[in-house]
Amino acid sequence: MKRVFKVLLVVLCIPATLLLASLIALGVGYAMYWNVVRQTPGGLKPAVLPGDIGKEVNVFAGTGGIFYLSPYDTPAATTPFGMVRLAPDTASLFINKTALSAAGYYYPDNKIIGFSHNRLVGADAEEGGNFRIIPTVASSVAKAREEGQFAKFSHKRETASPGYYAVELPGLGIRADLTATPRVGIHRYTFKGNDAPHLLLDVTSVLGERKVADGLVWLYPDKREIEGSVTTFGTFGGRYGGLRVHFAARVDQPFAEYGILCGKTFRPKDVMAAGDHIVVDLGFAANPPKQVVEVRLALSYVSIENAHENLDTEAGGTFEELAAKARDDWENYLSKARIEGGTVDQRAIFISALYRSFLMPTVFCDVNGDYMGFDKAVHKAEGFRYYTDFSLWDTFRTLHPLYNLIARDEQRDMLKSLTDMAVRGGGLPRWPSGCGFTGCMFGSPANMVIAESYLKGIRDFDVEAAYAAMCRTARGQTPSGADPRGGIENYLAAGYISDETMSKSVACTLEYAYADDALSRLAAALGKTDDAKEFKEHSQFYRNVW
């Protein structure tokens, strides 16, 4: 009996021990997590002070939370609607998992893998993360080049404000300061100690587990310049065949050494490479106790030549001057809505939300007006800025109505951009990103954006072309490859979409009725009486599923 009791005791002790070990592990893990998220940024002295309004913005708001429910925000150094959103890309506490937030930066992470130039904001879509710059030192460069770098950091030694970001990487003795123009990311890295500085440029970087292909890079050591291209297949870009992005970069210090990792082979002194995995290694002379290296990298979605023009046009001046320009641009936009009263926290919430409202859509044209259209050809924006990355299903309700009040010039340019997409792509998009339709979400939210803007007096765009695209979609005539209305035949024939026809049948019926109401109002304003009557009748189809 005693023996049986001992066996039972051992059997019971095993799961109890495992349970206790699991609880201890969870407790330790939570303590480590809490130690990261409770840290408050601001302990690092900034290189440029924020503006009077910008100092109330919390650029870290929306960067944390449960990772699959994260708001997908970023503390990126950027300008209003900027093509460049230059930000740290982070990795997780325990397993170095990246892109737990689709924007690349996740507040509960404690490691930085580098600083990349583009991303979406507020969208659960891994898009961008291109041309990541990884500052490191000679003693760590070989491993970082081959395996990537996971540099620990603390939010206590991090600071950011509209147009500016800075952080320390204490294990490497490096401080990173970042700012931006609309199309150029400006990096300043300060290296402390005797270890020679290195900068790695990952030409084929991307956020998360997304894919890239056909990377190209050229080095020009005598001019301290680098240029190249890559095709990215992000969450959205991968849906229309990939997005080609180009860059041109200039470094302010001569290269003491250089080389290229292509695939798994590092080639010292090489100046050109092509492939799907390319990392450039630039080494600089040690200059203790402090060495400063600056990099300016311009993007273009048209060509390397245009990236050089963007760089030459926008990136003149010192780091402080460019950071001050970004700050002042934000002060101008943040002053578009003035508030009085309220508590400190209420003001911060309002101004931080206002700041977020000017982060996206994205300027997609170069300084010369060139942009890649939805027909995958290059066009020139004459007299307006061409935008992309419209989260229309989300933003037609509140964001674009805000622009109708306080950013009417930008809204006009966005209407021109959407109309251009319809003309070159065959239909108005629901969630356009880069240079293509993504098929994301449902309904016809562009109808509401365009109709409301027109009815509120923004009319300097080709409303007839936009209207024609709306009618094609509403009548089930959208060309292949654009964003059609699913179940449209059933909707038009029966006055609703039946559940047997498609999923989301009720939701789609309501969406289409809403869009048809906007279309009927626009038709009436344009004097198209018969169309207005037709679409007004369609707008009442919601009653058939009530």
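Student: Is Asp389 buried or exposed?

Tutor: Start with the cut-offs: buried means under 20% relative accessible area, exposed over 50%, and partly exposed in between (1.4 Å probe, protein chains only). Asp389 has a relative accessibility of 8%, so this residue counts as buried. This is a predicted model, where local features need pLDDT of at least 70 and side-chain atom pairs count only at pLDDT 80 or more, while totals for chains, interfaces and linings use all residues. Residues are numbered from 1 along each chain as its sequence is written, and side-chain values use heavy atoms, with hydrogens and water left out.

Student: Where does Asp389 lie, and what is its phi?

Tutor: Asp389 sits in the loop between β22 (387-388) and α6. Helices (H or I, at least four residues) and strands (E, at least two) are DSSP runs, numbered from the N terminus. Phi of Asp389 is positive, about 65 degrees, although Asp389 is not a glycine.

Student: What is phi of Asn96, and how accessible is Asn96?

Tutor: Asn96 also has a positive phi, near 60 degrees, and is a residue other than glycine. Look for Asn96 in the loop between β2 and β3 (111-116). With a relative accessible area of 28%, Asn96 is partly exposed.

Student: How many cavities does the structure hold?

Tutor: Rolling a probe the size of a water molecule over the atoms shows where empty space is left. On a 1 Å grid over the protein atoms alone, a cavity is a set of points where a 1.4 Å probe fits but cannot get out; a pocket is an open set with protein on both sides within 12 Å along at least five of seven lines; lining residues have an atom within 4 Å of a point. Here there are 3 cavities of 30 Å³ or more. The largest cavity has about 160 Å³ of space (a volume is the space filled by probe spheres set on the grid points, which are joined across faces, edges and corners). It is lined by 17 residues, and the closest to its centre are Asn118, Glu127, Leu243, Tyr301 and Asp389. So we meet Asp389 again.

Student: Which classes of residue line the largest cavity?

Tutor: Its lining has 5 nonpolar, 8 polar and 4 charged residues. Ala, Val, Leu, Ile, Met, Phe, Trp, Tyr, Cys and Pro count as nonpolar, Asp, Glu, Lys and Arg as charged, and the others, Gly among them, as polar.

Student: What lines the second largest cavity?

Tutor: That cavity holds about 70 Å³ of space. Its lining residues include Leu428, Arg430, Met470 and Asp483. Two elements, α9 (445-455) and α10 (463-474), give two or more residues to the lining. By class, the lining of the second largest cavity has 6 nonpolar, 4 polar and 2 charged residues.

Student: What is the volume of the largest pocket, and which element gives the largest share of its lining?

Tutor: The volume of the largest pocket is about 540 Å³. Of its 29 lining residues, Ile113, Arg132, Asp202, Ser205 and Val206 are the closest to the centre. Helix α2 supplies the largest share, 4 residues. The classes are 10 nonpolar, 9 polar and 10 charged.

Student: And which residues are closest to the centre of the second largest pocket?

Tutor: This pocket has a volume of about 310 Å³. Val121, Arg356, Met360, Thr395 and Leu399 are the closest to its centre, out of 16 lining residues. The element that gives the most is α5, with 3 residues.

Student: Which peptide bond involving Met360 is cis?

Tutor: The bond from Met360 to Pro361 is cis, with omega near 15 degrees. Pro361 lies in the loop between α5 and β19 (362-363). The bond from Pro288 to Pro289 is cis as well, with omega near 5 degrees. Pro289 belongs to the loop between β17 (278-283) and β18 (290-300).

Student: At what angle do α7 and α8 pack?

Tutor: Two packed helices are described by the angle between their axes and the distance between the axes. Axes are lines fitted to C-alpha atoms, for helices over the stretch in contact, and angles run from 0 to 180 degrees between N-to-C directions. Helix α7 (residues 399-406) packs against helix α8 (residues 408-425) at about 125 degrees, with axes 6 Å apart. That makes α7 oblique to α8 (under 35 degrees is roughly parallel, over 145 roughly antiparallel, 65 to 115 roughly perpendicular, the rest oblique).

Student: Which residues meet there?

Tutor: His400, Tyr403, Asn404, Leu405 and Ile406 in α7 meet Arg408, Gln411 and Met414 in α8 (contact means heavy atoms within 4.5 Å). They divide into 4 nonpolar, 3 polar and 1 charged.
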